[in-house]
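Student: I'd like to learn how to read a fold and a binding site from coordinates. Could we go through one together?

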Amino acid sequence: MLRELFLVILTFVSPAWLVAQAPTSVALTPPMGWNSWNCFREDVSAEKVMAIADAMVASGMRDVGYQYIIIDDGWMTDQRDQAGHIVVDSTKFPNGIKALADYIHGLGLKFGIYSAPGRYTCQKLMGSYGYEQIDANDYAAWGVDYLKYDWCNYPGTREQAMNTPAEDCQQAYELMRDCLRNTGRPIVYSVHSTCSGERKNSFPWITDVVHMHRSGDDIKDNWDRMLYCLESTADLWHYAQPGFWNDPDMLEVGNTTQERLWGGIDSTKMTTLEYRTHFSIWCMVAAPLIAGNNLATMTEEITQILTNHALVAVNQDSLGKQGRRVRNEGALEVWVKELAGNRRAVALLNRSDQPANIAFSWEEADVTGEHTVRNLWTQEDVGDFQEAYQGQGIAAHDALVLLLTPK
Ligand code: GAL
């Protein structure tokens with residue numbers, strides 16, 4: 001009798017339903033990897049991406065946890081074939097996408113791709129509108145592990161995309177989520193949530209739909225622009241959790257590409273110290289660590305920043321808490337991130353143009369009693385302290401990042 005009942009249940013509960021309900025098994029910590037957009041723009045190719053993948057291994061980045069090699073806009077044409085499959089740009093990817101994914105998997109890395117819910121991507125190439133399941137199936141067949149799903153030209157033009165009501169945006173993102181789930185392949189799902197121009201914190205549904213969402217407009221290799229991206233994510237801390245991350249955008253650390261002036265934004269590049277601060281604060285806010293520089297040509301200084309184990313461990317901490325700004329005194333700020341084991345990471349951020357001292361109390365860090373304080377850039381313990389600590393002589397645009405461990 002029980003057996004019959006079991007068979008009846010199995011008949012009505014289809015495998016597709018089971019897949020759709022499967023718990024997330026990816027992005028339990030912020031995804032780490034590299035994306036082609038910041039340094040190559042649409043001028044991406046299999047050859048360039050393979051060289052990047054090789055460099056991710058040779059530089060030691062793979063060993064500290066970087067995994068995903070993601071090709072952004074520009075891999076496809078503006079056409080579909082008669083069966084509805086997207087036509088890959090064969091001048092850039094002569095052996096197709098699967099061959100590239102296989103190469104990347106062969107290095108022990110994972111592979112990511114880009115699309116958009118509209119008819120066209122931001123570069124006016126083919127988007128997924130109306131062909132979501134076909135595209136998701138192709139991704140799964142190629143071995144895609146990560147999808148960046150942008151917001152442009154939805155359903156057909158830029159203007160329509162900007163005026164899309166939040167409910168339609170939600171539907172578009174849910175549709176691709178379901179198509180990806182139907183494939184049965186675990187795929188990190190990353191979106192850009194600028195639809196309808198509303199603030200992202202008015203989208204409480206987002207944590208159930210995607211693994212990460214962009215909180216602001218595009219980053220640039222520029223100190224002020226980097227801080228703008230940080231601000232876009234700062235007050236969304238309550239969303240962050242294993243399986244969902246706020247994304248202030250990809251890293252600009254070590255990006256030597258000369259940028260086109262864009263949207264009137266100053267194209268002054270960051271200094272090496274500013275890159276280090278940018279990396280520190282992305283680690284503090286549990287941002288996905290997606291490098292955007294040319295890994296094949298980066299200097300040793302840049303490699304050292306991207307592969308700082310101690311900072312990466314702060315970012316990847318298993319509690320999955322996003323660091324919060326607990327003090328904001330003009331240009332001097334204190335950020336605290338709760339870590340497993342009752343530890344805290346504290347960043348003393350000097351946004352001013354002068355060196356500064358920044359102190360913080362245990363109350364601000366939400367701890368009590370004696371703690372060992374360690375400087376995560378010099379990798380030295382600075383001493384044991386009872387109730388407060390003062391960071392001294394913090395250079396302009398620098399961040400002192402400390403680890404507090406209870407004695
Ligand atoms: C933008 C997006 C960038 C990049 C670009 C590609 O909307 O924010 O990160 O993906 O599109 O066209």
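**Reading the model**

Tutor: Sure. Take the strand order first: eight strands make an open sheet here, ordered β9-β8-β7-β6-β5-β2-β1-β10, and the pairing is parallel. Keep in mind that this is a predicted model.

Student: Which strands are at the edges of this sheet?

Tutor: An edge strand pairs on one side only, and here that applies to β9 (245-247) and β10 (289-291). As for twist, neighbouring strands of this sheet are turned by 25° against each other on average, direction ignored.

Student: How many bridges join β1 to β10?

Tutor: Three, with β1 (residues 32-35) and β10 running parallel. To see one in the viewer, pick Trp34, whose bridge partner in β10 is Ala291.

Student: What is the order of strands in the six-stranded open sheet?

Tutor: Read across, that sheet goes β11-β12-β13-β18-β15-β16, and its pairing is antiparallel. Its edges are β11 (324-329) and β16 (380-385), each with a pairing on one side only. From one strand to the next, the twist averages 20°.

Student: How many bridges are there between β12 and β13?

Tutor: Eight bridges connect β12 (residues 332-339) with β13 (residues 343-350), and the two run antiparallel. One of the partners in β13 is Val346, which is bridged to Val336.

Student: On to the ligand. Which residues are around the ligand?

Tutor: For a shell like this, we take residues with a heavy atom within 4 Å of the ligand. Here they are Trp37, Asp72, Asp73, Tyr114, Cys122, Gln123, Lys148, Asp150, His192, Arg214, Asp218 and Met250. Sorted by class, the shell has four nonpolar, two polar and six charged residues.

Student: Which side chains place a polar atom 2.8 Å from a ligand oxygen?

Tutor: Asp73 has a polar side-chain atom 2.8 Å from an oxygen atom of the ligand. You'll find the 2.8 Å distance again for a polar side-chain atom of Lys148 and a ligand oxygen, and once more for Asp150.

Student: How much of the ligand's accessible area does the protein cover?

Tutor: On its own, the ligand has 310 Å² of accessible area, and the protein covers 93% of that.

Student: Now covalent links. How many disulfides does a search of the whole structure find?

Tutor: You look for cysteine sulfur atoms within 2.5 Å of each other. The search of the whole structure turns up one disulfide. It joins Cys122 to Cys152, with an S to S distance of 1.8 Å. You've met Cys122 already, among the residues around the ligand.

Student: Why is this disulfide called right-handed?

Tutor: Handedness is read from the torsion about the S-S bond; for Cys122 and Cys152 it is about 90°, so the disulfide is right-handed. Next, check which parts are linked. Cys122 is in the loop between β5 (110-115) and α7 (132-142), while Cys152 is in the loop between β6 (146-149) and α8 (158-162), so the pair ties together parts that are 30 residues apart in sequence.

Student: And backbone oddities? Which peptide bond is cis?

Tutor: Go by omega: the bond from Tyr154 to Pro155 is cis, with omega near -10°. Pro155 sits in the loop between β6 and α8, which is also where Cys152 lies.

Student: What about phi: is that of Ala27 positive or negative?

Tutor: Positive, about 60°, although Ala27 is not a glycine. You'll find Ala27 in the loop between α2 (15-20) and β1.

Key
Residues are numbered from 1 along each chain as its sequence is written. This is a predicted model: local features need pLDDT of at least 70, side-chain atom pairs count only at pLDDT 80 or more; totals for chains, interfaces and linings use all residues. Side-chain values use heavy atoms; hydrogens and water are left out. A polar contact is a pair of N or O atoms within 3.5 Å; within protein, one must be able to donate a hydrogen and the other to accept it, and residues adjacent in sequence count only if both atoms are side-chain atoms. Accessible areas come from the Shrake-Rupley method with a 1.4 Å probe; for residues, only the protein chains shown count as cover. Ala, Val, Leu, Ile, Met, Phe, Trp, Tyr, Cys and Pro count as nonpolar, Asp, Glu, Lys and Arg as charged, and the others, Gly among them, as polar. Two strands pair if DSSP finds at least two bridges between them. Helices (H or I, at least four residues) and strands (E, at least two) are DSSP runs, numbered from the N terminus. Axes are lines fitted to C-alpha atoms, for helices over the stretch in contact, and angles run from 0 to 180 degrees between N-to-C directions.
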